[in-house]
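Trainee: I'd like a close look at just one part of this chain. Could you pick a spot and walk me through what surrounds it?

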Amino acid sequence: MTATTTDTGKPGTAFTPAQLVPNALLRTKDVCAVTGMARPTLYEAMAKGLWPRPIKLGEKSSAWPASEVNAMLAARVRGASVDEMKALVVALTDARQHCA
């Protein structure tokens with residue numbers, strides 16, 4: 001989340017990219033900044049099925065939909081169990097097939 005702007009269009013901290021574009025794709029550094037997880041922790045969570053894998057944008061780039069990141073954070077805040085987090089990861093990943 002390197003670039004933020006205010007409603008006046010001047011640099012500031014009022015809006016994040018996910019707020020400006022609800023369907024934004026967030027790169028690894030942005031996801032880490034939003035979640036507070038370090039990169040290795042994020043990839044460990046993916047390996048355990050506790051975080052969705054990113055969408056491939058190209059050969060060497062990938063990102064997560066902001067909506068998925070927000071859903072995962074909301075589940076953490078409400079205290080979802082490990083099984084609930086895994087089920088959410090499956091549901092979010094399956095929902096990608098139905099995006100228009």
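Mentor: Sure, let's start with Val-69: setting aside residues up to four places away in sequence, Val-69 touches Leu-26, Val-31, Val-34, Thr-35, Trp-51 and Trp-64. Keep in mind that this is a predicted model. Val-69 sits in helix α4, and that helix covers residues 66–77. Take Val-31 from that list of contacts: Val-31 and Val-69 are 38 residues apart along the chain, yet their C-alpha atoms are separated by 7.3 Å. Val-69 has a relative accessible area of 1%, so we call Val-69 buried, the cut-off being under 20%.

Now step back to Glu-68, which also belongs to helix α4. Glu-68 has a relative accessible area of 5%, so Glu-68 counts as buried too. Its contacts, once you leave out neighbours within four places in sequence, are Pro-52, Leu-92 and Arg-96.

Let's go back to another name on Val-69's list, Trp-64. Look for it in strand β3, which takes in residues 61–65. Strand β3 pairs with strand β2, residues 55–58, in the antiparallel sense, and three bridges hold the pairing. To see one end of a bridge, find Lys-56: its partner in β3 is Ser-62. What joins β2 to β3? A hairpin does, by way of two residues.

Conventions: Residues are numbered from 1 along each chain as its sequence is written. This is a predicted model: local features need pLDDT of at least 70, side-chain atom pairs count only at pLDDT 80 or more; totals for chains, interfaces and linings use all residues. Side-chain values use heavy atoms; hydrogens and water are left out. Two strands pair if DSSP finds at least two bridges between them. Helices (H or I, at least four residues) and strands (E, at least two) are DSSP runs, numbered from the N terminus. Buried means under 20% relative accessible area, exposed over 50%, partly exposed in between (1.4 Å probe, protein chains only). Contact means heavy atoms within 4.5 Å.
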